[in-house]
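Hi,

Here's the structure I promised to hand over. Have a look at it first, and my notes follow below.

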Amino acid sequence: MIALLQRVTQAKVDVGAATIGAIDAGLMVLVCAERGDTQKEADALLSKLLGYRVFADEAGKMNRSVTDVAGGLLLVPQFTLAADTKSGTRPSFTPAAAPQDGLRLFTHFVEQARHRHASVQTGQFGADMQVSLTNDGPVTFWLQVSAK
């Protein structure tokens with residue numbers, strides 16, 4: 001599974017005219033399931049994400065996690081993160097999980113996040129979403145946990 005996390009001062013997801021998820025300071029995370037991923041990879045990625053130290057401590061060093069700072073977490077499904085872009089000028093999405101598997105794993109990821117973190121908002125799987133954010137820093141990291 002893949003997560004592209006961005007430290008934000010605010011972020012939101014709109015579907016049509018409605019805001020379906022919004023946070024203040026925290027992490028906006030694009031989440032993608034790849035072929036072969038299971039709940040094991042989802043759980044491992046979530047643990048890594050919740051403990052990843054991207055927020056400043058008193059000395060200004062990135063030593064605090066989203067859990068440590070009680071920041072918001074906005075989880076947005078994003079299958080295009082699995083794109084194969086090695087050749088040509090059109091991406092291939094064969095590395096991405098099938099839609100039903102992607103939905104199942106994203107749903108599991110969100111449910112587990114809500115059990116482990118106080119402030120979790122989401123985008124909508126399969127929807128045409130408009131995502132807006134203010135990247136703080138900018139700070140952006142790619143996390144990946146591969147099926148073994």
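**What I found**

Pro138 is exposed, at 67% relative accessible area (exposed is over 50%, buried under 20% and partly exposed in between, using a 1.4 Å probe and protein chains only). Pro138 sits in strand β8, and its C-alpha atom is 7.3 Å from that of Arg7, 131 residues away along the chain. Helices (H or I, at least four residues) and strands (E, at least two) are DSSP runs, numbered from the N terminus.

Before going on: this is a predicted model, so local features need pLDDT of at least 70 and side-chain atom pairs count only at pLDDT 80 or more, while totals for chains, interfaces and linings use all residues. Residues are numbered from 1 along each chain as its sequence is written, and side-chain values use heavy atoms, with hydrogens and water left out.

Strand β8 also holds Phe141, which partners Tyr52 from the loop between α1 and β4 (55-56), so the pair ties together parts 89 residues apart in sequence. The ring centres are 5.6 Å apart and the planes at 70 degrees, so this one is edge-to-face. For reference, rings of Phe, Tyr and Trp (its six-membered ring) pair if their centres lie within 6.5 Å; planes under 30 degrees apart are stacked, over 60 edge-to-face, and the rest tilted. By that rule there are two aromatic pairs. Tyr52 is partly exposed at 27%, and Phe141 is partly exposed at 28%.

On to the inside. The largest nonpolar core (buried Ala, Val, Leu, Ile, Met, Phe, Trp, Tyr and Cys joined through side-chain atoms within 4.5 Å) has 27 residues, and Leu27, Leu73 and Phe109 are among those with the most contacts inside it. Elements giving two or more residues to this core include β1 (2-15), α1 (39-51) and α2 (99-116). A second, separate core has 15 residues, including Met28 and Met129. Beyond its neighbours within four places in sequence, Leu73 is in contact (heavy atoms within 4.5 Å) with residues including Ile23, Leu49 and Ala113.

As for α2, its buried residues include Gly102, Phe106 and Phe109, and the buried residues of α2 pack against β3, α1, β6 and β7 (120-122). At 1.5 Å a residue, its 18 residues should span 26 Å (1.5 Å times one less than the number of residues), and the end C-alpha atoms are 26 Å apart, which agrees.

Cheers
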